[in-house]
Structures are given as structure tokens and as C-alpha cells.
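Okay, thanks everyone, let me put this one up on the screen. I'll go through a single residue, then a bit of the sheet, then the pocket.

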Amino acid sequence: MTDDPATWWDEAYEGDPPWENGRPQPALVDLVEAGALDGRILDAGCGAGTHACYLAARGRSVVGVDVSERAVERARPTARKRDLDATFRVGDALDLDPDLGPFDAAFDCGLFHALDPVQRDAYAQ
């Protein structure tokens, strides 16, 4: 693995990464159906935008952030084509641009486990 996480993730998105199956995680679906995620939502590590688009299609305003420019390039046209209230930005979830917020909720499906222990502490903060 390269020392630069953005390069590694961009390389993963040159093809079709196995975690990108086009379906939202059942746990997210359950939260939305229970009314547990409302307002403006951050999708940290949004990848190709599956979860952000799912949330936006259900009336949430969503900002997806991913360190991979290639992933974000996949997400943007999906949201535009479906006319969804989802914005996608290339960025580091450990150093978010303060202008992106505030958010009422944050969602993470697959980012936390990819961080090393020190990064996890910073991310949780």
C-alpha cells in the first residue's frame, strides 16, 4: 500500500471495488425507516455515493466526503442524474473543512475500520 491514502483509494476506484455494490447497508435502511436520521447528514468516506444518494432520495440533505477523487467523480453524476440534494467533496474526514457543516447527523460505512488506531481517536473527536 502506498503511503498516501488518497492514492491508494484512487487506485481502488480505477476498477470496481467489492464494497461498492450499489445497495445501501441494511442498518442504514433500518435507521431511515425508523426516522432516526433526519436533517442535514454527513456521509464520511462516501465512496461512490450509494449511501448519500439513498439518504437524499428519502428527503435528507447530504454531504458526502471522500479522500478519493475518483470515488467522488463517480458519486456526483449519480446524484445529478437523479436530481438529489447530495453534494460530494474530495476531502479528508480527519480534517474536514468547517464550511461543510453544521450537520445534524453523521454516517460512516467503511471508513472507521480503515483508519489506524491513532486516526480513529482523532476521527471520533
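**A buried arginine, a crossover and a pocket**

So, Arg 60 comes out as buried, because its relative accessible area is 10%, and the cut-off for buried is under 20%. Keep in mind that this is a predicted model.

Where does Arg 60 sit? You'll find Arg 60 in the loop between α3, residues 50-57, and β2, residues 61-66. What's around Arg 60, if we skip its neighbours within four places in sequence? Arg 60 is in contact with Val 32, Leu 37, Asp 38, Gly 39, Ile 41, Leu 55 and Asp 85. There's also a polar atom on the Arg 60 side chain that lies 2.6 Å from the backbone oxygen of Arg 58.

Now, on to β2. This strand pairs with β3, residues 86-90, in the parallel sense, over five bridges. To get from β2 to β3, the chain goes through helix α4, residues 69-81, and that β-α-β crossover is right-handed. If you want a spot to look at on your screens, try Val 63, which stands opposite Thr 87 in β3.

Last bit, the pocket. The largest one has a volume of about 780 Å³. Its lining takes in 37 residues, and nearest the centre are Trp 9, Asp 66, Gly 110, Leu 111 and Ala 114. Which elements give two or more residues to that lining? They are α1, residues 5-12, along with α3 and β2. Of the elements, α1 gives the most, with four residues.

That's what I had, happy to go back to any of it.

Terms used:
Residues are numbered from 1 along each chain as its sequence is written. This is a predicted model: local features need pLDDT of at least 70, side-chain atom pairs count only at pLDDT 80 or more; totals for chains, interfaces and linings use all residues. Side-chain values use heavy atoms; hydrogens and water are left out. Buried means under 20% relative accessible area, exposed over 50%, partly exposed in between (1.4 Å probe, protein chains only). A polar contact is a pair of N or O atoms within 3.5 Å; within protein, one must be able to donate a hydrogen and the other to accept it, and residues adjacent in sequence count only if both atoms are side-chain atoms. Contact means heavy atoms within 4.5 Å. Two strands pair if DSSP finds at least two bridges between them. A crossover is right-handed if, with the strands pointing away from the viewer, the path from the first strand over the helix to the second runs clockwise. On a 1 Å grid over the protein atoms alone, a cavity is a set of points where a 1.4 Å probe fits but cannot get out, and a pocket is an open set with protein on both sides within 12 Å along at least five of seven lines; lining residues have an atom within 4 Å of a point. Grid points are joined across faces, edges and corners, and a volume is the space filled by probe spheres set on the points.
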